[in-house]
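Please open the structure in your viewer and keep the selection tool at hand. The tour moves from one selection to the next and states what is to be found at each stop.

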Amino acid sequence: MCKSWFCVGMGWLPMSVAIMVAATFTISYCISVGLGHVPAEFPYISDTGTYIPESCIFGQLLNITAALAFATIYVRYKQVQEYNREASPAILRANKIALVIGGFACLGMSMVANFQEGRILFAHLFGAFMCFGCGVVYEFMHALIPCEMRVGYPPASTRRVRLLLAFIGLVGLICTSVFAALANTKWHGDDQTKWKPEDGGFTEHIFSTAFEWVLAISFLSYFFTFVREFQKITMETTLRMYTEELEPINHPEI
């Protein structure tokens, strides 16, 4: 059996999500900083995708990431379901709830991609809280669901890592929100994408943006923990051919 993460089963699927997340944020960050659209010191992730041309790249890559993330979440749902058909109804119910919550997180990610904060701020913030909030809940659920699985459960070390990443995500979400609210009450500048120390609330702003990056990195790392389990999954197609017997046609006599 191949030990590489790249060559077995569907391990490539969660790995592609993590790679796409990293690529999206890195590319948009480099372009936005290089063009002087945002400062290099911990901008909000969304700030790096606000202005053209990086907004186009940010939106396109994040939409692809959202689609790959939902595919990963659905495959994970089917994996848990198949392994635990005879498990307690509570496990199967929790698995379905996790699927729905994960789907909302992916929808929120797509909203962040398509509604830039400089254009429709409410929709952008709603999508961000849906993505991060539902994402943290999903992390906790799939850190705890394997504890009750009968077969197919990951090693205890993997479960502990997932639980740790979920706690990091929760702390990141809370701190990002709290420090952002504090920073906004003190801000009196002209452009929040170029927040300066003299604008007020700069320290709180830096804490908020730093914790947002921590939150995003926890999500990226969480998808990597699925790789080993996804290596056990293969996709097969079955071709079935049906033939219909044609009834003879009776022509009337002339």
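Begin by selecting glutamate 229 and arginine 162, which form a salt bridge whose closest N and O atoms are 2.1 Å apart. A salt bridge here is a side-chain nitrogen of Lys or Arg within 4 Å of a carboxyl oxygen of Asp or Glu. Because glutamate 229 lies in helix H7 and arginine 162 in helix H5, the pair ties together parts that are 67 residues apart in sequence. Helices (H or I, at least four residues) and strands (E, at least two) are DSSP runs, numbered from the N terminus. Both glutamate 229 and arginine 162 are buried. Buried means under 20% relative accessible area, exposed over 50%, and partly exposed in between (1.4 Å probe, protein chains only).

The model is predicted: local features need pLDDT of at least 70, side-chain atom pairs count only at pLDDT 80 or more, and totals for chains, interfaces and linings use all residues. Residues are numbered from 1 along each chain as its sequence is written, and side-chain values use heavy atoms, with hydrogens and water left out.

**Second stop: the rest of the salt bridges**

Keep glutamate 229 selected and add arginine 76. Their side chains meet in a salt bridge (2.9 Å, N to O). This pair links distant parts of the chain, with glutamate 229 in helix H7 and arginine 76 in helix H2, 153 residues apart. Is arginine 76 buried or exposed? With a relative accessibility of 0%, arginine 76 counts as buried; glutamate 229, at 6%, also counts as buried. Arg76, Arg162 and Glu229 are thus shown together on the screen, linked in a network of salt bridges.

The structure holds three salt bridges. To see another, select lysine 186 and glutamate 204, whose side chains meet at 2.6 Å, N to O. Here lysine 186 belongs to helix H5 and glutamate 204 to helix H6, and the two are 18 residues apart. Lysine 186 counts as partly exposed at 43% relative accessibility, whereas glutamate 204 counts as buried at 15%.

**Third stop: helix H5**

Now select residues 156–186, which make up helix H5. How far apart are the end C-alpha atoms of this helix? They are 45 Å apart, which agrees with the span of 45 Å that its 31 residues should have at 1.5 Å a residue. The expected span is 1.5 Å times one less than the number of residues.

Colour the buried residues of H5, among them Thr158, Arg162, Leu165, Gly169, Cys175 and Ala183. The buried residues of H5 pack against helix H2 (54–83), helix H4 (121–144), helix H6 (202–224) and helix H7 (227–230).

Next, select Phe167, Leu170, Ile174, Val178 and Leu182, which form a nonpolar patch on the surface with about 410 Å² of accessible area together. Such patches are made of residues with over 30% relative accessible area and no salt bridge; like charges are joined within 9 Å, and nonpolar side chains (Val, Leu, Ile, Met, Phe, Trp, Tyr) within 5 Å. Accessible areas come from the Shrake-Rupley method with a 1.4 Å probe; for residues, only the protein chains shown count as cover. Leucine 182 is found in helix H5 and counts as partly exposed, at 39% relative accessibility.

**Fourth stop: the interior**

Select Phe25, Leu62 and Phe230, the residues with the most contacts inside the largest nonpolar core, which has 51 residues. H1, H2, helix H3 (89–114), H4, H5 and H6 each supply at least two residues of this core. A nonpolar core is a set of buried Ala, Val, Leu, Ile, Met, Phe, Trp, Tyr and Cys residues joined through side-chain atoms within 4.5 Å.

Around phenylalanine 25, look for Ile45, Phe58, Leu62, Trp213 and Ala216, which it touches, leaving aside residues up to four places away in sequence. Contact means heavy atoms within 4.5 Å.

Move then to threonine 72 in helix H2, which counts as buried at 1% relative accessibility. With the same neighbours in sequence left out (up to four places away), threonine 72 touches Leu13, Pro14, Val17, Phe223, Phe226 and Phe230.

**Last stop: the whole chain**

Finally, show the chain in full: seven helices and zero strands. Buried residues make up 46% of its 254 residues.
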